[in-house]
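Student: Please teach me how to read a structure one feature at a time, with the general idea before the particular case.

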Amino acid sequence: MKLDELAAQPSSWLRAGGALNDVVVFSSARLSRNVDGYGFVNRAAKFDLGKLLRETRAATADALADYDATFFDYSSVAPTHAEISFMHERRLIDSDFTSASAPSALLVEDSEAFSLMFNGQDHLRFLVNAPGLAAKELWARLDALDNLVESRLRYAFDDNYGYLAANPLNAGTGLNISVKLHLPGLLETGEMTRALRSFKKVGLEYDLWEGEEMPYVLTTGSLGSSEEEVASLVDEVVQSAATYERKARQALLEEGRQELLDRCYRALGILQTSRIMSLKEARGLLSSLRLGVALKVLEGPSLLDIDQMLLEIYPGHLRMLSTEEGATPKDASEDELRARRLRSRLASLT
C-alpha cells in the first residue's frame with residue numbers, strides 16, 4: 001500500500017455513518033507509550049533511537065502480524081512536505097511527528113483501522129479514528145492493540161504517575177481523545193462561546209479557528225482517571241452539546257426558513273460553478289451544505305460525501321489527488337485545483 005493508493009480511497013473514518021454524525025464529523029484517539037530503558041525522543045542520542053526503532057519495529061511486527069499493514073521507513077530519508085501534509089490531514093500522524101531529527105517510521109493498517117508512529121514525540125503512538133461519536137469504541141480498539149504490543153515490550157511506567165510520556169500532559173493513561181464537531185446553530189445563535197466554556201468546566205479543551213463552526217473538543221491528560229472514565233466523559237459531554245446544537249438548528253429553521261434555504265442553495269451554486277476557491281471559503285460553503293443536508297432541506301450529497309470533500313480540499317490531498325489524475329500544481333494554482341475538485345465531486349453527486 002502506497003500513500004497515493006490511500007488517497008484514492010475514502011478515509012476509514014468517512015466510509016460509514018456514525019453516532020450523532022449530523023453534529024459529530026469524526027472522533028480520534030491517540031495512545032502514547034515509551035519503552036523502559038530508553039530516554040525520551042527529545043533527550044536520547046540518535047544512536048540509541050536507531051537501536052530503539054529496530055527493537056520496536058521487530059516487536060510490533062510480531063505483535064501485529066495478523067494485520068495487513070504497510071511500514072514506511074523514515075530513518076534515513078524524510079517524507080516530502082506534500083506527504084507530511086497528506087498524512088496529517090488523513091490523521092495518520094501528529095503535526096509534530098517529523099519535526100524531530102530522530103530516525104522515525106510509520107505503520108499504517110491497509111484499511112486505515114489504525115496507524116502507529118515510531119519515534120515521534122514519544123517512542124510509540126497509536127492513532128485510531130471513527131465516524132461520528134465513538135470515544136468508547138476507539139478506546140476499546142486502542143486497548144486491544146496496546147495489549148498485543150505490551151506483551152512484547154516493557155513500557156516506562158511509574159506507580160504514582162502511570163505511563164510516562166515526553167510531555168507530562170500525556171502521562172497517566174497516555175490516552176488523548178478528540179472529537180470534531182459541526183456547530184453552526186450554536187455559532188449563529190450566539191451560544192458557541194458558552195458551549196465551549198462548558199467543555200473546559202469538565203476538564204476538556206477545545207481548538208477553534210476564529211469564526212469557524214467546527215471546533216475540536218479534546219482531552220489533554222488523564223492523571224487520576226481511568227481510560228474508561230475519560231472515554232465516558234467525552235461521550236457524555238458531546239452528547240449534551242449535540243442536543244443543544246440540534247435545538248439551535250431547529251430554531252434557525254423555524255425563524256428563518258427561507259433565509260436558511262437561500263444560504264444553503266447559494267453555497268451549492270458557488271461550489272458547483274466557481275473556478276477559484278480558497279480553503280477558508282470552501283470550508284464555509286461546505287459547512288452550509290452540511291447544515292442543509294443535516295436539516296433535510298437540501299438534496300444531493302450525503303453527510304459523508306461532504307465530509308470527504310472537507311478532507312479533499314486541504315493542500316496535501318489536493319496535491320496527491322491532482323497528481324494521480326494527471327494535473328500538477330504547475331498546471332494550476334492550489335485554489336484552482338480546489339475549485340476543480342469541488343466541481344467534479346458535486347457533479348457526480350447532484
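Tutor: We can begin with strands, which are runs of at least two residues that DSSP assigns as E, numbered from the N terminus, and two of them are said to pair if DSSP finds at least two bridges between them. Please keep in mind throughout that this is a predicted model.

Student: In the hairpin of β4 and β5, which residue takes a positive phi?

Tutor: That residue is Asn119, whose phi is near 60°, and the hairpin has five residues between its strands. The strands themselves, β4 and β5, are antiparallel and pair over four bridges, and in one of these contacts Phe118 has Leu124 of β5 as its bridge partner.

Student: In what sense do β1 and β5 pair, and over how many bridges?

Tutor: β1 and β5 also run in the antiparallel sense, with eight bridges between them. To follow this pairing on the display, you might look for Ser32, whose bridge partner in β5 is Arg125.

Student: How many residues of β5 are buried?

Tutor: A residue is called buried when its relative accessible area is under 20%, and by that cut-off eight of the eight residues of β5 are buried, so the rest of the structure largely encloses this strand. Both faces are covered, with Leu124, Phe126, Val128 and Ala130 buried on one side and Arg125, Leu127, Asn129 and Pro131 buried on the other.

Student: Is Phe47 buried or exposed?

Tutor: Phe47 counts as exposed, because its relative accessibility is 63%, and its place is in helix α2, residues 46-63. Phe47 is also a useful reminder to compare sequence with space: from Phe47 to Asp159 there are 112 residues in sequence, and the C-alpha to C-alpha distance is 29 Å.

Student: Let us turn to aromatic rings. How many aromatic pairs does the structure hold?

Tutor: For such pairs one reads the distance between ring centres together with the angle between ring planes, where an angle over 60 degrees counts as edge-to-face. The structure holds six aromatic pairs. One of them is formed by Trp13 and Phe26, which are tilted, at 4.4 Å centre to centre and with 45° between the planes. Trp13 lies in the loop between α1 (3-7) and β1, whereas Phe26 is in strand β1, so this pair ties together parts that are 13 residues apart in sequence. Trp13 is buried, at a relative accessible area of 3%, and Phe26 is likewise buried, at 5%.

Student: How are the rings of Phe71 and Phe118 arranged?

Tutor: Their centres are 5.7 Å apart and their planes meet at 65°, so this pair is edge-to-face. The pair links distant parts of the chain, since Phe71 is in strand β2 (residues 69-74) and Phe118 in strand β4 (residues 115-118), 47 residues apart. Phe71 is partly exposed, with a relative accessible area of 22%, whereas Phe118 is buried, at 0%.

Student: Where does Arg57 lie relative to the ring of Phe71?

Tutor: Arg57 lies over the face of Phe71, 3.7 Å from the ring centre. An arginine also lies over a ring in the case of Arg33, which is placed over the face of Tyr163 at 3.6 Å from the ring centre.

Student: Now for the empty space. What is the volume of the largest pocket?

Tutor: Rolling a probe the size of a water molecule over the atoms shows where empty space is left. Here the largest pocket has a volume of about 1,200 Å³. It is lined by 39 residues, of which His88, Arg91, Ser178, Asp207 and Tyr216 are the closest to its centre. Tyr216 also belongs to an aromatic cluster with Trp13 and Phe26. As for elements, the largest share of this pocket's lining comes from β1, which gives five residues. By class, the lining of the largest pocket consists of 17 nonpolar, 11 polar and 11 charged residues.

Student: And which element gives the most to the lining of the second largest pocket?

Tutor: That element is α7, with five residues, and the pocket holds about 250 Å³ of space. Its lining includes Leu186, Phe199 and Tyr244, and the lining of this second largest pocket divides into seven nonpolar, two polar and two charged residues.

Terms used: Residues numbered from 1 in each chain as written. Predicted model: local features only at pLDDT ≥ 70, side-chain atom pairs only at ≥ 80, totals over all residues. Heavy atoms only, no water. 1 Å grid on protein atoms, 1.4 Å probe; cavity = no way out; pocket = protein on both sides within 12 Å on 5 of 7 lines; lining within 4 Å. Points joined across faces, edges and corners; volume = space filled by probe spheres on them. Nonpolar A, V, L, I, M, F, W, Y, C, P; charged D, E, K, R; others polar. Phe/Tyr/Trp six-rings, centres within 6.5 Å; stacked < 30°, edge-to-face > 60°. Buried < 20%, exposed > 50% of the residue type's maximum accessible area, 1.4 Å probe, protein only. Lys NZ or Arg CZ within 6 Å of the ring centre and 35° of its normal.
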